[in-house]
Amino acid sequence: MTMTTINRTQYLNAAQKSLETTIARGETLLTADGYTIEPYADRPGVYMVARPENDPRPLPKGSSAWNDVDVLNQECTCAAFEFHGTCKHLIATNKAVAEAARLMAPLLPTQDKPAKRGFASKEDFARAVAADFG
Ligand SMILES: [Zn+2]
């Protein structure tokens with residue numbers, strides 16, 4: 001094996017390019033790339049992010065076919081996260097969680113909504129029914 005020496009600028013350029021690739025992959029990981037996200041029943045906020053079994057890209061040496069993303073602590077178990085402090089798994093999971101929250105929002109109770117009409121007693125209920133139906 002031949003070792004190649006690179007200078008500081010080359011290193012920074014390579015790191016920048018790697019980060020750009022990471023961010024771009026994060027955007028398409030769940031769509032074009034076919035990765036999946038599964039929650040753990042016993043680990044709230046932690047998701048297993050797995051590459052598809054038929055992924056044509058070779059798995060880099062030392063890499064796992066799946067990684068754990070912790071959205072509460074904004075961490076991932078992969079090597080890219082260790083290097084960049086972010087990774088495609090974390091970016092993709094953050095996007096998926098944000099989208100799920102956006103879609104669920106209309107279904108969730110909020111403090112802005114007026115309280116449902118309640119009755120303190122049977123007598124109050126009877127009075128309200130009498131008022132409604134004369
Ligand atoms: Zn990762």
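Let's start with how sure the predictor is: in the protein chain, confidence bottoms out in helix H4 (residues 122-133), with a mean of 84, and peaks in strand S4, at 98. Those scores are pLDDT, the predictor's confidence in each residue on a scale from 0 to 100. What you're looking at is a predicted model, where local features need pLDDT of at least 70, side-chain atom pairs count only at pLDDT 80 or more, and totals for chains, interfaces and linings use all residues. Residues are numbered from 1 along each chain as its sequence is written. The protein chain averages a pLDDT of 89, and 93% of the residues score at least 70. As for the labels, helices (H or I, at least four residues) and strands (E, at least two) are DSSP runs numbered from the N terminus.

Now for the strands, which count as paired if DSSP finds at least two bridges between them. S1 (residues 36-40) and S2 make a hairpin with two residues in between. They run antiparallel, joined by five bridges, and glutamate 38 sits opposite methionine 48 in S2. Strand S1 is hardly covered, with zero buried residues among its five. Here, buried means 20 or more other C-beta atoms within 10 Å of the residue's own, exposed means 12 or fewer, and partly exposed is in between, with C-beta atoms placed from the backbone.

Move on to S3 (residues 66-70), and you'll find two faces: Asn67 and Val69 on the covered one, Trp66, Asp68 and Asp70 on the uncovered one. Five bridges tie S3 to S2 (residues 43-50), again antiparallel, and valine 49 faces asparagine 67 across that pairing. On to S4 (residues 75-76): two bridges link this strand to S3, also antiparallel, and cysteine 76 is the bridge partner of valine 69.

S3 and S4 form a hairpin too, with four residues between them, and glutamine 74 in the turn has a positive phi of about 55 degrees. Asparagine 73 belongs to the loop between S3 and S4. This asparagine 73 is exposed because it has 9 other C-beta atoms within 10 Å.

Finally, head inside. Val49, Val69 and Cys76 are among the eleven residues of the largest nonpolar core, and the elements giving two or more residues to this core are S2 and helix H3 (88-104). Such a core is a set of buried Ala, Val, Leu, Ile, Met, Phe, Trp, Tyr and Cys residues joined through C-beta atoms within 7 Å. In soluble globular proteins, nonpolar side chains tend to be buried together.
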